[in-house]
Amino acid sequence: MKLGFIGTGNMASAIMGGIIKNQVIAADEIIGADLFAPGRERAKSQFGIHVTDSNKEVVEKSEVFILSVKPQFYADVIAEIKDLVREDQIVITIAPGKTLAWLKEQFGKEVKIVRTMPNTPAMVGAGMTAACPNENMKEDEIAYVKTLLESFGRVEIVPERLMDVVVSTSGSSPAYVFMLIEAMADAAVSGGMPRPQAYQFAAQAVMGSAKMVLDTGKHPGELKDMVCSPAGTTIEAVRVLEERGFRSAVFEAMKVCEEMSKSM
């Protein structure tokens, strides 16, 4: 097998879905382990991959494997598999707070590791992933991992000191955006718009705005000013958002998220 997953939950499914859809690795060359039988059977049915209840089997059969379990289970899982990890094998992690130094200590030997932080929009091929390889990774190996990660969105190689910032900026931020879309839709419903239509208008506006930032390269403030006509409706809405501390609330929420990531 070329690729293995220890854990077949939502994020693992998003990753394997992108990899298979974009024909980076075929489904019959992927194996996933999950102690939860319905979880692994769902992955088998949805993607056509091989499944098992054995984490050790994944390590033994794969060239690259992804530790896609919750952070609190990392220590136990690594203790179970560490003796089977080979020198030429690549381990990809997706857990916030689990540093390269901590991972090295848990494995107790030199291992090729890439610490990553993807986000849930990977489920629709629009993810944003930060990747940080350790010193044992070669350039061609880093390029290969980057190809895997690019199958479900954008990827940036970042220094490890920024990984906790990444958690607050892209890892957790979809939740903030979903709350914004929900609030926008609620307001539209209060104005008489049917809820399904309200979600469409709000979500498309957010998606289009984000695309303008990425595609134009313009400062978000400049794009905001383009919408705010003198004495118009938008500048009044912006005034209320500023009055209610909109930007400050986002700023403080992200800082709390960053600190939480550091403490995990």
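How many bridges join β4 to β5, and do these strands run parallel or antiparallel? In this predicted model, four bridges join β4 to β5, and the two strands run parallel. Residues are numbered from 1 along each chain as its sequence is written, and side-chain values use heavy atoms, with hydrogens and water left out. Because the model is predicted, local features need pLDDT of at least 70 and side-chain atom pairs count only at pLDDT 80 or more, while totals for chains, interfaces and linings use all residues.

The overall picture comes first. The secondary structure of the protein chain amounts to twelve helices and eight strands, where helices (H or I, at least four residues) and strands (E, at least two) are DSSP runs, numbered from the N terminus. Along the principal axes, the C-alpha atoms fill a box of roughly 65 × 40 × 30 Å. Of the 264 residues in the protein chain, 39% are buried; buried means under 20% relative accessible area, exposed over 50%, and partly exposed in between, with a 1.4 Å probe and protein chains only. Contacts, defined as heavy atoms within 4.5 Å, often span long stretches of the chain: among those between residues at least 6 apart in sequence, 63% join residues at least 24 apart.

Next comes the sheet. Eight strands form an open sheet with mixed pairing, in the order β3-β2-β1-β4-β5-β6-β7-β8. Its edge strands are β3 (50-52) and β8, each of which pairs on one side only. Two strands pair if DSSP finds at least two bridges between them. Direction ignored, neighbouring strands of this sheet are turned by 25° against each other on average. Helix α6 packs on the sheet, touching β4 (64-67), β5 (90-93), β6 (112-117), β7 and β8, and its direction makes about 150° with that of β8. For these angles, axes are lines fitted to C-alpha atoms, for helices over the stretch in contact, and the values run from 0 to 180 degrees between N-to-C directions.

Two strand pairs can be followed residue by residue. Strand β2 (residues 30-33) is joined to β3 by three bridges, and the two run parallel; here Ala33 stands opposite Thr52 in β3. In the pair of β4 and β5, Phe65 stands opposite Val91 in β5. In a regular strand the side chains alternate between the two faces of the sheet. Strand β5 has both faces covered: Ile90 and Ile92 on one side, and Val91 and Thr93 on the other, are all buried.

Just ahead of β4, Glu63 sits in the loop between α3 (55-61) and β4. With a relative accessibility of 46%, Glu63 counts as partly exposed. Leaving aside residues up to four places away in sequence, Glu63 touches Met1, Lys2, Arg86, Asp88, Gln89 and Ile90. Glu63 and Arg86 are 23 residues apart in sequence, and their C-alpha atoms are 9.0 Å apart in space.

What empty space does the model leave? Rolling a probe the size of a water molecule over the atoms shows where empty space is left. On a 1 Å grid over the protein atoms alone, a cavity is a set of points where a 1.4 Å probe fits but cannot get out, and a pocket is an open set with protein on both sides within 12 Å along at least five of seven lines; lining residues have an atom within 4 Å of a point. Grid points are joined across faces, edges and corners, and a volume is the space filled by probe spheres set on the points.

The structure holds one cavity of 30 Å³ or more, and the largest cavity has a volume of about 40 Å³. Its lining consists of Val114, Ala131, Pro133, Ile142, Val145, Lys146, Leu149, Val155 and Ile157. The elements giving two or more residues to this lining are β7 (127-133), α6 (139-150) and β8 (153-157), and α6 gives the most, with four residues. By class, the lining of the largest cavity has eight nonpolar, no polar and one charged residues. In this scheme Ala, Val, Leu, Ile, Met, Phe, Trp, Tyr, Cys and Pro count as nonpolar, Asp, Glu, Lys and Arg as charged, and the others, Gly among them, as polar.

The second largest pocket holds about 780 Å³ of space. It is lined by 31 residues, of which Met11, Ser68, Val69, Lys70 and Ile94 lie nearest its centre.
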